[in-house]
Amino acid sequence: MSFDGSFTHAMVAELNNLVAGGRISKINQPYDNEVVITIRSNHENYPILISANPNYARVQVSRTSYVNPKVPTNFTMTLRKHLSGSILKKVTQIDNDRVMVFHFTTRNEIGDLKEMMLVVEIMARHSNIILVDTQDDMRIIDAIKRIGADKNRYRTILPGDTYITPPNQNMINPFSDDFDFNIVETLLSNYPNQEVLSTEFRKTFQGLGKDTSLFLAKMMHVSTNHRDGFSEFFSFFDNPNPTLIEHNGSAIFTVYPFEEKATTFNSLSELLDHFYETKARLDRVKQQGSVLIKVAKSELKKNKTKKKKLEKTLENTKYADDYRVKGEILTTYLHEIKKGMTKITLPNFYDNGNPIEISISNQISPSENAQKYFKRYQKEKNAVSYVTDQLEKTNNEINYFDNILSQIELANPSDLDDIKVEFENEGYLKHHNNHSNKKTTNTKISKPEEFITDEGVHILVGKNNLQNDKLTMKDADKRDTWLHTQKIHGSHVIIKDFDPDDKTIEDAAMLAAYFSKARDSATVPVDYVQVKKIRKPNGSKPGFVIYEGQQTIYVTPSKEFVDNLRKNK
């Protein structure tokens with residue numbers, strides 16, 4: 001189910017129940033299109049995520065951790081100026097549209113009470129967050145996305161403009177008090193096909209996404225009393241049972257378990273945190289790490305091309321020994337070479353005397369022809385050594401950038417700074433400090449993620465190369481246990497226990513497998529060994545280590561397992 005008008009209806013009720021009457025304590029903008037407003041209500045803090053993300057626009061209480069930028073954005077400063085310390089009177093919805101309005105009471109510069117609105121338009125790429133002064137003719141103070149006349153002829157969203165609601169689509173609000181059920185009966189009689197009926201529902205009723213209309217059409221088809229079935233369906237949005245459904249091979253969120261394969265949650269917000277956890281994280285990482293991804297992919301492509309050329313060169317050098325043989329045969333039979341010859345057939349004493357044809361130049365002496373073959377042999381022999389060395393370095397580079405891309409895929413936005421510093425230190429990005437080529441030695445590296453097992457054992461998981469190096473080579477005790485997926489890109493994992501039992505090792509191995517490129521695989525091999533047996537070769541890439549004396553355990557990664565471990569913190 002998309003975050004459509006009907007789901008907005010349910011979320012408005014949840015927010016009113018939780019935070020209406022609360023006071024704003026914090027306002028932050030961790031990402032370009034997302035604001036987090038923390039409201040203190042009933043002795044508890046509620047972080048309200050308000051997202052105008054083109055792909056994942058929504059409003060919810062979110063317990064996901066965020067890292068705020070060092071310098072607040074202009075929009076953040078505007079919100080803080082006008083809303084800090086204000087009281088949230090209520091949250092409303094415009095009809096059954098995807099427009100949510102936060103109504104605040106605050107005080108102006110001279111201390112008089114005034115009302116402000118924060119309007120959230122949840123409309124895919126047209127989503128927006130708009131601060132409006134209700135006592136100044138609905139004047140727009142600012143918006144997270146400013147829209148000029150060149151982008152929208154119906155309305156502009158700029159500071160000083162009058163706020164105009166999105167265009168009315170002349171559709172029927174299914175929650176209205178004067179709803180006429182005869183319209184539903186007409187649609188049912190005219191469109192008996194379930195999918196066609198769902199399409200007509202979307203055209204007729206306001207706030208129905210595709211999944212919502214399909215569930216409604218299905219319910220109408222199985223209901224013996226259409227009026228009661230219709231009323232029951234929309235009652236789910238007034239009394240939701242937050243549910244994640246496995247539907248047609250993918251997961252969707254709903255307000256009710258309309259199908260059997262369903263997982264229920266305590267609140268709509270908890271449901272959305274679960275549903276968007278990976279999707280939103282990848283989207284944010286993709287946006288904030290675009291430069292890093294571009295550099296990694298470019299270097300990977302360059303080195304793969306280089307590898308093909310080196311392999312081709314190495315393939316050609318396999319004939320090097322033929323040049324030596326021909327040189328030695330010519331040296332043995334110099335007296336057989338006559339003036340003006342361009343080729344000669346001689347017995348090959350390396351092949352039981354079988355004849356071999358050798359090309360020669362009639363512009364140089366027989367001895368010089370032999371020396372020419374020896375020189376070509378030496379050149380190819382030297383090339384083998386050089387190409388083999390270059391091929392090893394190129395393979396290391398390919399492995400390195402494959403690993404980096406895997407780390408970015410598993411990263412949180414907060415982990416990207418470490419990867420950026422690593423790229424600067426390795427020379428793949430210009431240094432942020434006056435383009436210096438010196439390595440950054442005093443940059444604070446983010447902390448690895450910490451998990452606590454049911455038995456109370458602490459397990460640390462590095463999320464990038466700098467974290468991995470620091471965790472394994474500096475922070476870990478030599479008697480701790482180190483884990484890593486076998487020959488698969490992944491995190492360094494440390495068990496903070498000198499003698500972990502089998503259950504703890506299995507738990508840590510599950511984490512190592514989950515935070516690796518094999519996250520979606522089954523039966524993943526994970527090596528484990530004491531930290532004292534880990535070595536980092538001189539000059540090796542960040543995150544690279546070698547070890548010996550390891551043991552191996554096979555596990556199947558599980559998101560549910562990792563989520564449960566996180567709850568122990």
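Which strands does α12 lie across, and at what angle does α12 run to β16? Helix α12 crosses β16 (458–461), β17 and β18 (493–495), and its direction makes an angle of about 140° with β16. Keep in mind as you look around that this is a predicted model.

**The sheet and its helices**

The strands under α12 belong to an open sheet of six, ordered β15-β16-β18-β17-β19-β22, with antiparallel pairing. At its edges sit β15 (449–452) and β22 (551–555), each of which pairs on one side only. From one strand to the next, the twist averages 25°.

For a closer look at one pair, take strand β17 (residues 481–485) and strand β19 (residues 524–530): they run antiparallel and are joined by five bridges. Within this pair, Leu-483 has Tyr-528 of β19 as its bridge partner.

A further helix, α13 (residues 502–514), lies across β15, β16, β17, β18, β19 and β22, running at about 70° to β22.

**A helix pair**

Back at α12 (residues 465–475), there is also a packing partner to meet: helix α11 (residues 416–426), with the two axes 8 Å apart and at an angle of about 90°. Because angles of 65 to 115 degrees count as roughly perpendicular, α11 is described as roughly perpendicular to α12. On the α11 side the contact is made by Asp-418, Val-421 and Glu-422, and on the α12 side by Asn-465, Leu-466 and Gln-467. By type, these contact residues divide into two nonpolar, two polar and two charged.

**Two cavities**

Now for the empty space. How many cavities of 30 Å³ or more does a search of the whole structure find? The search finds two, and the table sets them out.

| Cavity | Volume | Main contributor to lining | Lining residues by type |
|---|---|---|---|
| Largest | about 70 Å³ | helix α10 (residues 366–410), four residues | two nonpolar, eight polar, two charged |
| Second largest | about 40 Å³ | helix α7 (residues 268–288), three residues | one nonpolar, three polar, four charged |

To find the largest cavity on screen, select its lining: Asn-403, Ser-406, Gln-407, Leu-410, Gly-462, Lys-463, Asn-468, His-489, Gly-490, Ser-491, Phe-515 and Lys-517. One of these lining residues, Asn-468, falls within the range of α12 (residues 465–475), so you will meet the helix from the opening question here too.

The second largest cavity is lined by Tyr-31, Asp-32, Asn-33, Glu-34, Asn-53, Asp-283, Arg-284 and Gln-287. Four of its lining residues are charged, among them Asp-283 and Arg-284.

Methods
Residues are numbered from 1 along each chain as its sequence is written. This is a predicted model: local features need pLDDT of at least 70, side-chain atom pairs count only at pLDDT 80 or more; totals for chains, interfaces and linings use all residues. Side-chain values use heavy atoms; hydrogens and water are left out. On a 1 Å grid over the protein atoms alone, a cavity is a set of points where a 1.4 Å probe fits but cannot get out, and a pocket is an open set with protein on both sides within 12 Å along at least five of seven lines; lining residues have an atom within 4 Å of a point. Grid points are joined across faces, edges and corners, and a volume is the space filled by probe spheres set on the points. Axes are lines fitted to C-alpha atoms, for helices over the stretch in contact, and angles run from 0 to 180 degrees between N-to-C directions. Angles under 35 degrees count as roughly parallel, over 145 as roughly antiparallel, 65 to 115 as roughly perpendicular and the rest as oblique. Contact means heavy atoms within 4.5 Å. Two strands pair if DSSP finds at least two bridges between them.
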